[in-house]
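Okay, thanks for coming, everyone. I'd like to spend a few minutes on the empty spaces in a protein. Have a look at the screen.

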Amino acid sequence: MNIFAIETSCDETSASVVLGGTKIKSVVISSQIKIHSKFFGVVPELASRAHMENINLVIHKALKDAGINFINFNKQIDAVAFTAGPGLSGALLVGAVAAKSIACIYKKPIISVNHLEGHIYSIFIEKKNITPPFLSLIISGGHTALIIVEDFGKYKILGNTRDDAVGEAFDKAAKMLGFSYPGGPIIDKKADKGNPEAIKFPRSYMKGSWDFSFSGIKTSLLNYLKRNPIKNKNHLNDICASFRQAVVETLCFKSFDAAKKFNLRKIVLGGGVSANLLIRRMFLRIGNENKIKIFIPSKIYCTDNAAMIGCAAYLKQKKCGLKYDQDNLKSSARLKLVNWC
Ligand code: KG4
Ligand code: ZN
């Protein structure tokens, strides 16, 4: 089963050819960071326009890199997949229209994929043999969710964020510290040179709930900076390290607590923030101490990309067949994560 996949839910225009679910023949990711960075966040209208400008180039390059052209497409590709949501409405529509047009021209079945499922299953691109049940922690610029994957396409959502997504919190903190967008990777880099114990930022463990909240730590940073303007490089590194420590300890505490409570021996991470260096180190260390296996995708598959959409689409059709959801291919900015067939 060879799938041509398209992802345009936020600010990355991406296309990929995925063979047999996990063999990535090509993946092209065109980032819009330059467009949005001066606004310190993604501007939906600009994102849609940029997707419109880039989509054809990205599709052509992904096909060319995989050795596919308009003549052999029919033979090489079995189905077309696209991200149906959640995400920015206009951005989602660009990918949906492109995917549906290609599927229509070549008379191929089409598979809609929830963006969160892309992040959940992105690990399967590199590790084929993970079997459910496992705990999935999705941490990105738009989402923070703790989900039990009982089986492929069978979910129990434990918690979401009540305010900012964790990536959003990193980006807003970075703005306060004078960094450009997206600031998560900048904080991460500076944090490695600082003292994580220098400032005691609050940890919002929200006992009795699996939800997350990051607005408290954000306000705490703002108040700290009002009282203590940045003195020098070392001070800045210490602030970054202390902020990162508080956020990562919260994610770790809640994830391992949930894994133990529900007797899950595997935690799978996904989403842009799983590229964070401390997250990777802390999860692997605590996982090792508790005999819980930790799976984290390579950086390229943490961030938004169409390969993970192709991978999720493959698993979906494997379980439900190609006819499943052919009549239900609507894009939705607030698409819910629902069980498959
Ligand atoms: O998954 P993603 O590419 O897009 C969304 O679906 O949102 O995630 C982007 C987010 C941004 O907020 C970015 O600041 C954050 O991931 N991010 C990081 C790191 N790398 C990316 N946050 C903390 N540390 C990092 N190393
Ligand atoms: Zn994402």
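I'll go through the pockets, then one helix, then the cavity. Keep in mind that this is a predicted model.

Let's begin with the largest pocket, which has a volume of about 1500 Å³. Where does it sit relative to the two domains? Domain 1 is 2–120 + 301–329 and domain 2 is 133–296, and both give residues to the lining, so the largest pocket lies between them.

There are 49 residues in that lining, and Cys10, Ser140, Gly141, Gly142 and His143 are the ones nearest the centre of the pocket. If you sort the lining by class, you get 20 nonpolar, 17 polar and 12 charged residues.

Which elements supply at least two residues each? Those are α5 (115–121), β7 (144–151), β8 (154–160), α6, α7 and α11 (299–302). Helix α6 gives the most, with 5 residues.

Now, α7 is worth a stop of its own. This helix covers residues 184–191, and its buried residues are Gly184, Ile187, Asp188 and Ala191. They span an arc of only 100 degrees around the axis, so they end up on the same side of α7. And what do these buried residues pack against? They pack against α6 (166–176), α9 (233–261) and α10 (277–289). Go round to the face turned away from the buried side, and you find Pro185 and Lys189, which are exposed.

On to the second largest pocket, with a volume of about 270 Å³. Its lining has 15 residues, and nearest the centre are Ser112, Lys316, Asn328, Leu335 and Val338. Strand β5, residues 110–114, provides the largest share of this lining, 3 residues. By class, the second largest pocket is lined by 6 nonpolar, 4 polar and 5 charged residues.

Last thing, the cavity. How many cavities of 30 Å³ or more turn up in a search of the whole structure? The answer is 1, and its volume is about 40 Å³. The residues lining this cavity are Ile110, Ile111, Lys316, Gln317, Gly321, Leu322, Tyr324, Asp325 and Gln326. The elements that give two or more of them are β5 and α12 (306–320). By class, the cavity lining splits into 4 nonpolar, 3 polar and 2 charged residues.

One residue to find on screen before we finish is Lys316. It's listed among those nearest the centre of the second largest pocket, and Lys316 also lines the cavity. That's all from me.

Conventions:
Residues numbered from 1 in each chain as written. Chains lettered and ligands numbered in written order. Predicted model: local features only at pLDDT ≥ 70, side-chain atom pairs only at ≥ 80, totals over all residues. Heavy atoms only, no water. Buried < 20%, exposed > 50% of the residue type's maximum accessible area, 1.4 Å probe, protein only. Helix = DSSP H or I, 4+ residues; strand = E, 2+ residues; numbered from the N terminus. Arc of directions from axis to C-beta. Contact = heavy atoms within 4.5 Å. 1 Å grid on protein atoms, 1.4 Å probe; cavity = no way out; pocket = protein on both sides within 12 Å on 5 of 7 lines; lining within 4 Å. Points joined across faces, edges and corners; volume = space filled by probe spheres on them. Nonpolar A, V, L, I, M, F, W, Y, C, P; charged D, E, K, R; others polar. Domains from an automatic or database assignment.
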